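Q: I have a structure open and a few quick things to ask. Can we go through it together?
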Amino acid sequence: MKKSKAFWGYLAFALVIYAVVQGMLASGMLDLYYQNMLITICINVMLAVSLHIVIGVTGQFSIGHAGFMAVGAYISAICTMKLGLPFIVGIILAGIVAAVAGLLVGVPSLRLKGDYLAIATLGFAEIIRIVFLNVDYVGGAAGMVVNHATTWTYAFVGVVITIMVISNFTNSRHGRGCLAIREDEIAADAMGINTTYYKVVAFVIGSLFAGVAGALYAHNFYIIQPTAFNFLKSFEILIYIVLGGLGSLSGSVMAAIFLTAISQYLQAFPETRMIIYSVVLIIVMLYRPTGLMGTKELKDLFKVKNRGGSEA
Amino acid sequence: MLQVNNIDVFYGNIHALKNISLEVNEGEIVTLIGANGAGKTTLLKTLSGLLKPKQGTITYKMQQIGGKPAQAIVKSGISHVPEGRRVFANMSVEENLELGAFLRKDRDGIKKDLDHVFELFPRLKERRKQLSGTLSGGEQQMLAMGRAIMARPNLLLLDEPSMGLAPLIVQQIFEIIQTINKEGTTILLVEQNAHMALSIADRAYVIETGKIVLSGTAKELQESEEVKAAYLGGV
């Protein structure tokens, strides 16, 4: 009962945002530049949330997320450009193939812990990128031309589904199992939680949505090249969730929106862009060392306020 | 109830447990005492499935459990309170206890056991919404034990419940161990605090560098000259 209430509340909130933005787009208040920025924000939010389930919830430090995004991007591009399938089919296949890739990478590498896992996932992501770089079918280093098909609606629906699935997972019994692994793997094992299974499940779900985000990304920029999915992209996604607060879904969403917006505005100053971006990161981490939200969610903040109010 | 026959456990090349055999009967408190690095924790971890024996058999209620995954062993009724408590620090007391019942599906039974744990440990009830990382050491030990009880075990494996706790708290913890035992849970207790452990146990084993060197009733061992000299600090 309580859960379904939150679900409908969330859906209504999403609809309101959608209606407002759609209205602004239709009336011309937001031009193409802003529309493009909104799509980029949506894609980055999806990437951040999909990595959040791996690092924030399950505590497995993976820094190869761009690899799964690349799988999704290329698979969807092959579907639409080479095989002539509709875009939506491309998106779904991108998610499925990326999830399979996540399974193949996750099963052997999730036996590793901490730094070792980070290096292994980084390595896998580079392997994926180099495979695409050397396959002529997808254009090699020159990249692959892709039609523009991603609209604001596609991107927004993608974000809503991603957040819904991942927050439901986190609040479920399975999600609590994953949280227990993050907190203490040995204790989780001793409780009878199948730690390997849950780590792989979280990794596969994360890869799936990274693949979908990759598909949306591919159909937004007219061309995809392997260099777009190098380890810098993985770090960019990692920065969103660290800055948002590891373990906080709303934090990672806010950080992704915030940093994407900053980085878009700073494109007007190409020389100093990365310097300003880095300074912003340093300042935030100095003053909020556990990220913007710590492990808290937005609704926790309201709860505390309400409690304080009733006591006063 | 539990029978361990000639098991050998290795960490890579290190031979940690050598040909260990022991037995725990239904309703007993059995204690395993020994110094640092003797292999006490290794033995418990092997029993609960966190480590796999290379040789030998572990039989629990007529079933082979040696080498089975931990979740299968928890399901069969063995619950492990790991060394150093290992509570889920960023979760509330209540959430920790709920995770103890992770493999159970009977909601009503879980609720009943939750109340039962709060009866055993009133302190936990007071702090049910508090993050467990902010509890004191003794409270965390109580939480770790409560969490293990939530799996409704027949056999409870306790790894050094007295570690790092004040003598008064240790006494409380040991009283609760006896209560849990009287309620029908068999207990295998690993301890460095031999004096306390022997005072509540029915039988005991002494482990030294991976081998069982002595065994007998707790009373016999309390009076044994070797144990007195090595573990009880008497002459």
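A: Start with a term: the radius of gyration is taken over C-alpha atoms, and the globule rule is 2.2 Å times the number of residues to the power 0.38. This is a predicted model, where local features need pLDDT of at least 70, side-chain atom pairs count only at pLDDT 80 or more, and totals for chains, interfaces and linings use all residues. Residues are numbered from 1 along each chain as its sequence is written, and chains are lettered from A and ligands numbered from 1 in the order in which they are written.

Q: What radius of gyration does chain A have against a compact globule?
A: Chain A has 19 Å, which agrees with the value near 20 Å for a compact globule of 312 residues.

Q: How many helices and strands in chain A?
A: There are 13 helices and 2 strands, taken as DSSP runs numbered from the N terminus (helices H or I, at least four residues; strands E, at least two).

Q: Switching to chain B. Is strand 9 mostly covered or uncovered?
A: Mostly covered: in strand 9 (residues 203-208) of chain B, 5 of 6 residues are buried. Buried means 20 or more other C-beta atoms within 10 Å of the residue's own, exposed 12 or fewer, partly exposed in between, with C-beta atoms placed from the backbone.

Q: Which way do strand 3 and strand 9 of chain B run?
A: Parallel, with 4 bridges joining strand 3 (residues 29-33) to strand 9; pairing takes at least two DSSP bridges between two strands. B:Ile33 has B:Val206 as its bridge partner in strand 9.

Q: And what about strand 10 of chain B?
A: Strand 10 (residues 211-217) pairs antiparallel with strand 9 over 6 bridges. The two form a hairpin with 2 residues between them.
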